Amino acid sequence: MKPCILLRHGETAMAGLFCGHSDPPLNDAGREQIDRAASMLAERPKVIYASDLKRARQSAELIASHFDLPVHLRPALREISFGAWEGLSWKQIERCFPADAQAWLARYPRGVIPTGEPYDTFRIRVHQEIAFLLAESKQRSLVAVTHGGFIRTALSELYSFTHSEAHRCSAQYASVVPVPPVQTGGAT
């Protein structure tokens, strides 16, 4: 099996806010983060996939320019939709949606976000996309540029990471996370 890397997109002007399906571009710091991440890849990828959201697509394009490769968009690599919480900080969510915020925390990660994507729908999408990436990595090394929530869900649902371990792996923009070749937990 060839290396299969999940790479979190670079920073945007929405840093610190629930971004989900919002579509901001990378900022200058985000472009610098991605350039550093590309130079740290241990092996040259043969293919680059990306979420179709602008911040991931632009990150993938920067990485692709280092290796003279095209970017293949995969909408299934998108972040979870935060519905009514898109563009808000946690403090704003607690103030505007106090009952929903507490219910979400109590059931994390399976809490319900008003008009957001249900966690189980997102989880199934993550499972299916990781299965695709692992099958592809049998033939060629790859980088998939995605989002923090996607990476955390893959690690906690499929590889038995605790939520805090998964968060540590993906907390920084441009985090590089190798996908283990053998799934040890989780079921679709």
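Let me start with the sheet, which in this predicted model is an open one of 5 strands, arranged in the order β3-β2-β4-β1-β5 with mixed pairing. At its edges are β3, residues 71-73, and β5, residues 176-178, each of which pairs on one side only. From one strand to the next, the twist averages 25°. If you look at β1, residues 4-8, you will find that 3 bridges join this strand to β5 and that the two run antiparallel, with I5 standing opposite P178 in β5. Packed on the sheet is helix α2, residues 54-67, which touches β1, β2, β3 and β4, and the direction of α2 makes about 165° with that of β2.

Now, please turn to helix α5, which spans residues 119-136 and includes E129. Is E129 buried or exposed? E129 counts as buried, because its relative accessibility is 3%, and buried means under 20%. Leaving aside neighbours within four places in sequence, E129 is in contact with R74, A76, L77 and F150.

Finally, some words on the backbone. Most residues other than glycine have a negative phi, and most peptide bonds are trans. In the loop between α4 and α5 we find P109, which is joined to Y108 by a cis peptide bond with an omega of about 5°. That loop between α4 and α5 also holds T115, which has a positive phi of about 60° although it is not a glycine. A174, in the loop between α7 and β5, likewise is not a glycine and has a positive phi, of about 65°. As for their surroundings, T115 counts as exposed at 72% relative accessibility, whereas A174 is buried, with a relative accessible area of 9%.

How values were computed
Residues numbered from 1 in each chain as written. Predicted model: local features only at pLDDT ≥ 70, side-chain atom pairs only at ≥ 80, totals over all residues. Heavy atoms only, no water. Helix = DSSP H or I, 4+ residues; strand = E, 2+ residues; numbered from the N terminus. Buried < 20%, exposed > 50% of the residue type's maximum accessible area, 1.4 Å probe, protein only. Contact = heavy atoms within 4.5 Å. Pairing = 2+ DSSP bridges. Axes fitted to C-alpha atoms, helices over the stretch in contact; angles between N-to-C directions.
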